[in-house]
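Biologist: I would like a close look at a single part of this model, namely the salt bridges, explained slowly enough for a first-year student. Please start with the setting, and then take the charged side chains pair by pair.

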Amino acid sequence: MVDILVTGGTGFLGQHLVRRLLADGYTVRVLGRDFAAAGALLSAGVSPIKADLRDHAAVAAACKGVEAVLHVGALSAPWGRSSDFYDINVGGTEAIVAGCLASGARRLIYVSSPSVTFDGHDIEDQTEAAPYPRRFTSVYSLTKKLGEDRVNAVAGTLETVILRPKAIFGPGDRALLPRMITAAKQGRLPQIGAGRNQVDLTYVENVAHALVLALEAPAAAGKTYTITNDEHPLLWEVMRQVLERLGLSTHLRQVSLRAALAAAWLMERRAALTGKEPLLTSYSATILARTQTYDISAARRDIGYRPLVSLDEGIERTLEALRARA
């Protein structure tokens, strides 16, 4: 059996990925900061490594003896200190790369984000050939790009693969849909823009499926792939469907992107003084108003990726999980 290390294995995507790896017969080590919510994984036989990505010695030790590393762990948040984003997303990736090189791991898979090519304007059917923007829309996007740089720098020594899943959702998610649902319940969810923007979403089990495929696909080495559900829904139409299924009002006040950005700017200035996360950031406002669709033909061709769960089915599973947790 192949030994695999998953960083961020106690998080949302990480737990789905680890369950998939175990089901496929892999031996899994999980590096994470908090195992309180990962009891099922511990019972299933994973080897827990309680450590922070900023602890480079612990990261190096975790890499010893593994065949491959799936680097899922990251600081993914709409707001935070720039130093934390750099230390975790860049420094943590540097530590993983160094650990792989020192231990002789065969393959390193890095989970990045399509936001590394987002410049704040509409994106339609974008491929992986799109260049990085001259200006990044968030420190998160910038630090994920710098992480890609660290991984690509060793592509000739390690078998590296970069996956960019777009807008991951599913059971266990506490960010994407839950944040919007909570805002709607509080009457604080405006529709930003005209509401006709298409945004690719990706069900979490489809991302886990793509990661497992990338572990073994020979043609993937040294390449980057965007992963989505390969559907291009209208974001605000999906949001209204979710609200309707939950018995919430679908009447959302429409706000122009310009007005949302002005409000976000003020909230960010206040947050910089108080240290409290703002209700809206410039990055979030832009993401919610712009079209972002992607061409995933490269992942289909090289790693055999096909979404296993449709958008509608994924939303229904997510809502069932939210109802059960309520």
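Modeller: What follows is a description of the chain as a whole, then of its salt bridges, and lastly of two helices.

The model is a predicted one, and its protein chain contains 12 helices and 13 strands. Along the principal axes, the C-alpha trace of the chain spans about 55 × 40 × 40 Å. A compact globule of 326 residues would have a radius of gyration near 20 Å, and the chain, with 19 Å, agrees with that expectation. Of the 326 residues, 51% are buried, and among the contacts with a separation of 6 or more, 78% are between residues 24 or more positions apart. The accessible surface comes to about 14600 Å², and carbon and sulfur atoms hold 51% of that surface.

Now to the charges themselves. The chain carries 37 positive and 33 negative side chains, and the centres of these two sets lie 6 Å apart. The count of salt bridges in the chain comes to 20, and a few of them can be followed here in detail.

A good place to begin is Arg106, which is partly exposed because its relative accessible area of 25% falls between the cut-offs of 20% and 50%. Arg106 forms a salt bridge with Glu67, and the closest N and O atoms of that pair are 2.6 Å apart. This pair links distant parts of the chain, since Arg106 sits in the loop between α4 (82-103) and β5 (107-111), while Glu67 sits in the loop between α3 (56-63) and β4 (68-71), 39 residues apart. Glu67 also counts as partly exposed, at 31% relative accessibility.

Arg106 has a salt bridge with Glu216 as well, where the distance from N to O is 3.8 Å. Glu216 belongs to helix α7 (residues 204-216) and Arg106 to the loop between α4 and β5, so this salt bridge ties together parts that are 110 residues apart in sequence. Glu216 is partly exposed too, with a relative accessible area of 41%.

Salt bridges that share partners also join Arg33, Asp52, Arg54, Arg81 and Asp84 into one network. Within this network, the side chains of Asp52 and Arg54 meet in a salt bridge of 3.0 Å from N to O. Asp52 counts as partly exposed at 21% relative accessibility, because buried means under 20%. Arg54 is partly exposed as well, and its relative accessible area is 35%.

For a view of residues that are buried, turn to helix α6 (residues 176-185), where the buried residues are Leu177, Pro178, Met180, Ile181, Ala183 and Ala184. These buried residues pack against one strand, β8 (168-169), and against the helices α8 (235-245), α10 (282-289) and α12 (311-325). After α6 comes Gly187, which has a positive phi, near 70°.

One more residue is worth finding in the structure, and that is His16 in helix α1 (residues 12-23). His16 counts as buried because its relative accessibility is 9%, where the cut-off is under 20%. Apart from its neighbours within four places in sequence, His16 is in contact with Pro171, Val204, Glu205 and Ala208.

How values were computed
Residues numbered from 1 in each chain as written. Predicted model: local features only at pLDDT ≥ 70, side-chain atom pairs only at ≥ 80, totals over all residues. Heavy atoms only, no water. Helix = DSSP H or I, 4+ residues; strand = E, 2+ residues; numbered from the N terminus. Rg over C-alpha atoms; globule rule 2.2 N^0.38 Å. Buried < 20%, exposed > 50% of the residue type's maximum accessible area, 1.4 Å probe, protein only. Contact = heavy atoms within 4.5 Å. Areas by Shrake-Rupley, 256 points an atom, 1.4 Å probe, with all protein chains shown as cover. Lys, Arg positive; Asp, Glu negative; His and termini not counted. Charge placed at Lys NZ, Arg CZ, Asp CG, Glu CD. Salt bridge = Lys/Arg side-chain N within 4 Å of Asp/Glu carboxyl O.
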